[in-house]
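Visitor: Could you take me through one part of this structure closely, in a connected account? I would like to know what surrounds that part and how its neighbours are placed.

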Amino acid sequence: MGPGSFAYFPSIDLPAIVSRLAEWRAVFPEMGVLALFPEAEKAQIPALQALCNDCGLPLCGAIFPQLIYATDFRSHGLCLLRFDRMPYTALFEVPGQDAIGAAEAAETIAGHIGRHLEDDVPATLFLMLDALLPNIGSLLDELYLRLANRVHYAGANAGSETFQAMPCLFDNQRIIGNGVLAMLLKPHFGAVLEHGYRSEAETLPATSTDRNRIIHIDWRPAFEVYQELVRAKFGVEITRDNFYQYAVHFPFGILRANHTTLVRIPVMLDADNALYCIGEVPPHSMLALLDAPQVDSPDTLQTLHGGLSKLSGDPAGQELLLFYCAGRRQHLGAAAAGEELAIFKNLSQASAIAGGLALGEIGDTTLWGYPLFHNATVVSAAWTNPA
C-alpha cells in the first residue's frame, strides 16, 4: 500500500476533494473510497455521492457523532480513506428487530461474503451498523454460524449520539438506516479492542430481558436494583431526570464463561423503567456493576499496541483505523479521552490515524475468533488493502 491513504478535510470543500481524488486515482486506477462523516455534516453526503458517480468512483461510508483524525475528535469536515483497489462492500437492510430478522440478514450477508472466500487469503469482515439495531448480538451469532472463523470480525456502530433514528450508512446510490455496511478486507488480520474496566463486585442475574432491554434483575425491577447498586457502591442517587447524565459512569459488565467481560452502558429508561442498552443482554446473563471510575487507561492502550504488533507487525509507520466509544469519552471526559488518543499515537508511532466516535464496537474474542459486541472500548486495526 502506498503512503497517504487518509485525507481529512476540515470543511466540505468539493474542489479540494476532487483534486485529492484525482491525485490518488492517477496512481491507483482501481481505487475506491470509505468516507466518514460527522453527524453535523450529514447533509453533504449527496454531494459526495454525485461527485463520485460523475467520475465512476466506488464509494461507501457511514455517519458518526464525531470523527477521529490524528489525535483529535472532530465535529466538522470529512475523512476519506482510500482503498488501493476497492474490496467487496455492500449495504444490507435488516428486515426485522428480532432474532428472525437477524437470521435473515445474516443469511444474506454470509451468502454474498462466502463467494469471496474461495482462497486462503486472510480476511476481515468489517461491519458498520446502525446503532439503533436492537439485535446486533443475534446478528453476529448468526454470522458466525455461517462463516465461523473463515474471517476475522471487527466493526463499529454508526448513528447519532442522541439515539434518534437517522439514515447513517451509504454507498454510491443509497443512504439507509436500520442496516449494515459490510466490507471484506483482504489481506487483513483483524482488529484489537480493549476497555480496561475492572470489577470485583458481586454478580446478579438478569432474570428478564428483551433484546437490549433489561427488565428485571434478580427477579426485581431493573431500575430499582440499579439505583440500589449505584447508591451503595458510589453514593450517587440516580433518578429518571438525571439518568443519562449519570448512567454512562456506571455500566454493567456481562461476565462470560471464558472470563471476558462485555460492557453494557445503559443509555435510557423506557416508559416501563426498563434499562435500555446499546447491545443485547441475553436472558439470565450474570451482571456486575463495573468500577468505571477506575478505567485502566495505560493497560488499555498497551493492550491495543501489543495486539496490533502481533496481528500486523509493528504499527510504527502504519496507517491505523481507530474507533473510540462515545460512552467511554463521556465517562472519562473530553480532555482525558483526547489524552488517550495522543498517548496511543505516541505509543504506536503510526503515520496516520483515522476513524470515528462509535456507539458500540465489534471484535473477536481470543476463543475461536468469535465476534462479540462491546461498549466502552477502543478498537484499532491496521489499514490494509486488497492485494
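Guide: What follows is a close look at helix 2 and its surroundings. Please keep in mind throughout that this is a predicted model.

Helix 2 spans residues 45–54, and within this helix Ile45, Leu48, Gln49, Leu51 and Cys52 are buried. These buried residues lie on the same side of helix 2, because they cover an arc of only 165 degrees around the axis. As for what they pack against, the buried residues of helix 2 meet helix 1 (14–27) together with a set of strands, namely strand 2 (32–38), strand 3 (59–64), strand 6 (78–83), strand 10 (169–171) and strand 11 (175–176).

The neighbouring helix deserves its own description. Two packed helices are described by the angle between their axes and the distance between the axes. For helix 1 and helix 2 the angle is about 40 degrees, and the axes are 11 Å apart. With angles of 35 to 65 degrees falling in the oblique class, helix 1 and helix 2 are therefore oblique to each other. The crossing in which helix 1 passes helix 2 is right-handed, and the contact is made on one side by Leu14, Ile17, Val18 and Leu21 of helix 1 and on the other by Ala47, Leu48 and Leu51 of helix 2. Leu48 and Leu51 thus appear in this contact, and they are also among the buried residues of helix 2.

Finally, if you follow the chain onward, Gly56 comes just after helix 2 and takes a positive phi of about 65 degrees.

Technical notes. Residues are numbered from 1 along each chain as its sequence is written. This is a predicted model: local features need pLDDT of at least 70, side-chain atom pairs count only at pLDDT 80 or more; totals for chains, interfaces and linings use all residues. Side-chain values use heavy atoms; hydrogens and water are left out. Buried means under 20% relative accessible area, exposed over 50%, partly exposed in between (1.4 Å probe, protein chains only). Helices (H or I, at least four residues) and strands (E, at least two) are DSSP runs, numbered from the N terminus. The arc is that of the directions from the helix axis to the C-beta atoms. Contact means heavy atoms within 4.5 Å. Axes are lines fitted to C-alpha atoms, for helices over the stretch in contact, and angles run from 0 to 180 degrees between N-to-C directions. Angles under 35 degrees count as roughly parallel, over 145 as roughly antiparallel, 65 to 115 as roughly perpendicular and the rest as oblique. A crossing is left-handed if the near helix is turned anticlockwise from the far one by less than a right angle, and right-handed if clockwise.
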